[in-house]
Amino acid sequence: MQTRKFMLAMIVGLALAIGFVGCHTTPPAQWVQQENHAKLSEWYTDHATQLRAREHEMRHLLDDYGNQRKAPVMHAKKLIDSYAEAAEEAEKLAAAHAEMQ
């Protein structure tokens, strides 16, 4: 039982560390400077897709461990919310840049 808790804590901790790095990436500066809205829209769409995939993966991990109120599970839930919020923002930015083309 202790090993399982330790593994869950390690997985969630690693996901948090990797996840927050992935949530805070930016498109290439040259596209921003050139106002290349087609490329920016594509980049934000791809980024949103990656974030949704991470959100989906975390939901599966959470399903494997149930809805316990343990700290690692609570962190996983917060990470899911963070991915969903970041993906929604990326989708909005992709749509805005698509309109500017």
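Me: Buried means under 20% relative accessible area, exposed over 50%, and partly exposed in between (1.4 Å probe, protein chains only). By that rule, is Tyr 44 buried or exposed?

Reply: This is a predicted model, in which local features need pLDDT of at least 70 and side-chain atom pairs count only at pLDDT 80 or more, while totals for chains, interfaces and linings use all residues. Residues are numbered from 1 along each chain as its sequence is written, and side-chain values use heavy atoms, with hydrogens and water left out. Tyr 44 has a relative accessible area of 14%, so the residue counts as buried.

Me: Where in the protein chain is confidence lowest, and where is it highest?

Reply: The score is pLDDT, the predictor's confidence in each residue, from 0 to 100. Its mean over the protein chain is 80, with 73% of residues at 70 or more. Over residues 14–18 pLDDT stays under 50, and the model has 5 contacts (heavy atoms within 4.5 Å) beyond four places in sequence for them. Confidence is lowest, at a mean of 49, in helix H1 (residues 2–23) and highest, at 91, in helix H3 (residues 37–65).

Me: How many helices and strands does the secondary structure come to?

Reply: Helices (H or I, at least four residues) and strands (E, at least two) are DSSP runs, numbered from the N terminus. The elements run α-α-α-α from that end. The count is 4 helices and 0 strands.

Me: What span should the 29 residues of H3 have, and how far apart are its end C-alpha atoms?

Reply: The expected span of a helix is 1.5 Å times one less than its number of residues. For H3 this comes to 42 Å, and the distance in the model agrees, with the end C-alpha atoms also apart by 42 Å.

Me: Which residue just after H3 takes a positive phi, and which residue has one although it is not a glycine?

Reply: Most residues other than glycine have a negative phi. Just after H3, the phi of about 80° belongs to Gly 66. In the loop between helix H2 (29–33) and H3 lies Glu 35, which is exposed at 55% relative accessibility. A positive phi of about 55° without being a glycine is found at Glu 35.

Me: Which residues does Ser 41 touch, not counting residues up to four places away in sequence?

Reply: Ser 41 sits in helix H3 and is buried, with 9% relative accessibility. Its C-alpha atom is separated by 7.1 Å from that of Leu 93, 52 residues apart along the chain. Outside the excluded neighbours, Ser 41 touches Ala 94, His 97, Ala 98 and Gln 101.

Me: What distance separates the C-alpha atoms of Pro 28 and Leu 40?

Reply: Pro 28 belongs to the loop between H1 and H2. With a relative accessible area of 30%, Pro 28 is partly exposed. Along the chain, Pro 28 and Leu 40 are 12 residues apart, and their C-alpha atoms are separated by 8.5 Å.

Me: How many aromatic pairs does a search of the whole structure find, and how are the planes of Trp 43 and Tyr 44 set?

Reply: Rings of Phe, Tyr and Trp (its six-membered ring) pair if their centres lie within 6.5 Å; planes under 30 degrees apart count as stacked, over 60 as edge-to-face and the rest as tilted. The search finds 1 pair. The rings of Trp 43 and Tyr 44 have centres 5.0 Å apart and planes at 90°, so the pair is edge-to-face.

Me: Which helix gives the most to the largest nonpolar core?

Reply: A nonpolar core is a set of buried Ala, Val, Leu, Ile, Met, Phe, Trp, Tyr and Cys residues joined through side-chain atoms within 4.5 Å. The largest one has 12 residues, including Leu 51, Met 58, Ile 80 and Tyr 83. H3 and helix H4 (71–100) each supply at least two of its residues. With 7 residues, the helix that gives the most is H4.
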